[in-house]
Amino acid sequence: MAIDFDTFYRTHRADAVRWAVALVGRRDVAEDLAQDALDAVGRKLAGIDDPAAYLRRTVVNRCASWHRSNARARRREARANAGVPTVYTQSTDEMLDALARLSYQQRAAITLRYWADWTDDQIADALGCAPATVRVLLHRGIAELRKEIER
Amino acid sequence: MNDDEMIERMRAALDEAAATPVPSDEMPLVTTAPSARGRWMAVAAAVALVAGGVAAIALNRGADDATSVTAPVPGPEVELVGTAAIIDEGDGPKLAVEILASLPPSGGVIPLSGFDWSMVEGEQSVDGTTWTDFLTINGTWDGEVFTVTRRPVEPPIIDRAAGIPTPGCDEATATAASDAVATLDAPALLISGWRIDTTDGRCGTEVVAWFDSAELRAAIDGLRAQGHDVTVTHTFVAVQGEQINTTTTMPALVGVGSWYELDLPGFTAEEAVYTPCCPPTVAPGPATVMAWRSLEAPDGGLLTLLATPVLGGGPPTLVYAWTDMTDERAQELQAKVVPGAGLPYVLDDLTMELVGIGFAGMGELTAQRYTSADGTIELRIGDYTGQYDHLIDAEHRPVTVAGLPGYVVDTPAGPVVLWQPASGDWAELIISQGLADRVDEIVAALRTAPWPGEFTPTTVTVATPTTVLPSTEYRGNVGGIIDSGDGRGPMLTFFWLDSLPPQGGSLPLAGFDWDMVEGEQTLNGVTWIDEPLGLTGTFDGTTFTLTEPIAGPFTFTDDVLTYGTLTAGCTEADTAPARAALDALDQQALGLIESSDYVWDGHCGVQVYAMFDTPELRAALATLGDDVMVRIAFQPAD
């Protein structure tokens, strides 16, 4: 049964933001990315069989794009604000910093599995890989995270 | 720490991140008219600020009237932006944050001025009540009336939904917080409403307020001190960022991004050169460049915008260019370009997508030159600085570059290949004319490659404001005068963009009346005269004020400030170092009108056209070497 955008939005917004927080570690950015993903999926609701799965993929992709562009964006902001006393968000939590140093796939696997409670299949679907690969990502990601924390 | 402990710690960190609003000291804030760049960043900050739910706007004391406001208000000089609906229930248009879902709806609170219904589209009317959807609205607030300063636009910039509720709390806890919010003096604190949000085992209470204020913060902090989980979303936040100062040097930022190598026999690769970006600029700041491409077809049209800020503030000068679309379509799209909330401008047309944004001629750049007996190829990768402008008025065709879509553009100097690498940078191959017939071979020989290495950070000297004495009377020639009908009044124009009506205007002109000239034309609210005029007047750093009637163009015998040796026997490629140095200058701060290569009769260099002769200009041009020719538009009248 097709659902309307309003129902879809109300049902999934909080989860979308939570997933994005897992993937980018910042609530403000997560809210924007989740909103973007919700809008993108909402426009196609009529043609989507499983909106929740589609939304998971979209959030993961949006957050991946953000990670790709974030470094450059931060430099642009730094340049544009040169001379203006601006403080940039640098996490003071060493766990968030450690997560930020993992590969995106490892980070996604760990945070979505252990914090957002996704299944391996859901993570595999969103990352576009096999469930077995997710398990490898989890195993290696945990090891990497430990190394980063203990560094 | 075992795996379980580490995962538990990760969960706690993410729980905290999910509940943490944007730090308030992250926001650059504001009171004075900023440059275009300042505004852009500050507006972006304003959006983030709303998303985070915490504001940090410096506010002034406002009126005492509790029915309007007792909370401090930003003051009428501060432009605000926010999301609200507009509703007129028969007593004039008002802003509404929460609309009662009746038919007709109700909920207007703050009266509007400067607004009429022709400024919006899609409003609905039932039984004498007229209302809009939620819109992005700019304006000022004097404590009683909100004065609209721009046409309200869709979409709203603020997500009206709640933030993430705290995990693990129960509804009774949230209800207690809500009950505590109910004890506050909502009208006095300009609280629009609040709500409990409970989802998936998490809950919280979100307060929606019109504006930030010390009183509101104190009240909310008081509730938090009692253990209530309360967040705040502000509806209106300040638009403008304060340009506090400029510094004289800045460390270079070392770039990392996509890179390519050219695998072509007969070519020798030089060292890659990194140019940092960007020094802080003085008012009015750099011009913004934007480009939108049609989604309807691969080459369904491209519209570019150059938004040049004007000394002294006011709306920037907007110059559009387009290709692969009709003039009628381009003008239709231009009418849909509106000031943005998170971007400088937004093209409100679903068939077009924003494909490039940056500052004109100002961006980080890494370049590498390949030389051969037949010519040179320069690979340039960096920020968007208007690369799409290559396509305007030039033959171009689509091409695939290392698996990515791009264009080959024929320019008088030779072909240019343009594409966007995976890193989001912009890439160009500048190919000299001698290799024009080998473009496809060159493109095919391009391979992705590792970033060429760590570059040594450098320091960039910042141009200082030009020194022009306000009391000095100047005399000079301009290309005409235009009043674009946008409220800025008449503007001096040095060069025109050839459209109808034309586009131009770079310096406000005072003491002028259209009776002073003959032959002006008017179309679509734009009045202009596009013939050379001789002006005499003073310049205060912002406005040129006429002190004598307008004359025909003056003839100067000494308008060439410096005529360098202009190297003989050189080619256009030899001007590259001087051209690169010229590009690195803050041309706007130095009052440059135009600059270009200069190749004539086997001699070459760069030529510069500047508004005034100043010590700063001379010092800057001295760094370019000898092959520089400078023309000055305005010279002391004596």
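A residue is called buried if 20 or more other C-beta atoms lie within 10 Å of its own, exposed if 12 or fewer do, and partly exposed in between, with the C-beta atoms placed from the backbone. The exercises below treat a predicted model, in which local features need pLDDT of at least 70 and side-chain atom pairs count only at pLDDT 80 or more, while totals for chains, interfaces and linings use all residues. Residues are numbered from 1 along each chain as its sequence is written, and chains are lettered from A and ligands numbered from 1 in the order in which they are written.

**Exercise 1. Characterise the two chains by their secondary structure and burial.**

Step 1: helices (H or I, at least four residues) and strands (E, at least two) are DSSP runs, numbered from the N terminus. Chain A has seven helices and zero strands, whereas chain B has eight helices and 43 strands.

Step 2: of the 151 residues in chain A, 42% are buried, and in chain B the buried share is 45% of 638 residues.

Step 3: two residues are in contact if their C-beta atoms, placed from the backbone, lie within 7 Å. Among contacts between residues at least 6 apart in sequence, 65% in chain A join residues at least 24 apart, and for chain B the figure is 64%.

**Exercise 2. Decide which parts of chain B call for caution.**

Step 1: the model scores ipTM 0.83 and pTM 0.37. With pLDDT being the predictor's confidence in each residue, from 0 to 100, chain B averages 72, and 71% of its residues score at least 70.

Step 2: pLDDT stays under 50 over residues 21-73 of chain B, where the model has 161 contacts beyond four places in sequence, and also over residues 240-255 of chain B, with 68 such contacts.

Step 3: where pLDDT is low, the predicted coordinates should not be read in detail.

**Exercise 3. Describe the two sides of helix α7(A).**

Step 1: α7(A) spans residues 131-150 and reaches 29 Å from its first C-alpha to its last, close to the 28 Å expected at 1.5 Å a residue, where the expected span is 1.5 Å times one less than the number of residues.

Step 2: V134(A), L137(A), G141(A) and L145(A) are buried. Because they cover an arc of only 65° around the axis, they fall on the same side of α7(A); the arc is that of the directions from the helix axis to the C-beta atoms.

Step 3: A132(A), A143(A), K147(A) and E150(A), on the other side, are exposed. The buried residues of α7(A) pack against α4, α5 and α6 of chain A together with α1 of chain B.

**Exercise 4. Place strand β32(B) among its partners.**

Step 1: G480(B) and I482(B) point one way from β32(B), I481(B) and D483(B) point the other way, and all are buried.

Step 2: two strands pair if DSSP finds at least two bridges between them. Three bridges join β32(B) to β33(B) in an antiparallel arrangement, with G480(B) opposite T493(B).

Step 3: β32(B) also pairs with β36(B) in the antiparallel sense over three bridges, and here I482(B) stands opposite W528(B).

**Exercise 5. Examine the positive phi values of D117(A) and N524(B).**

Step 1: most residues other than glycine have a negative phi.

Step 2: D117(A), which is not a glycine, has a positive phi of about 65°; D117(A) lies in the loop between α5 and α6 of chain A and counts as exposed, with 10 C-beta neighbours inside 10 Å.

Step 3: N524(B), also not a glycine, has a positive phi of about 50°. N524(B) is found in the loop between β35 and β36 of chain B and is exposed, because 9 other C-beta atoms lie within 10 Å.
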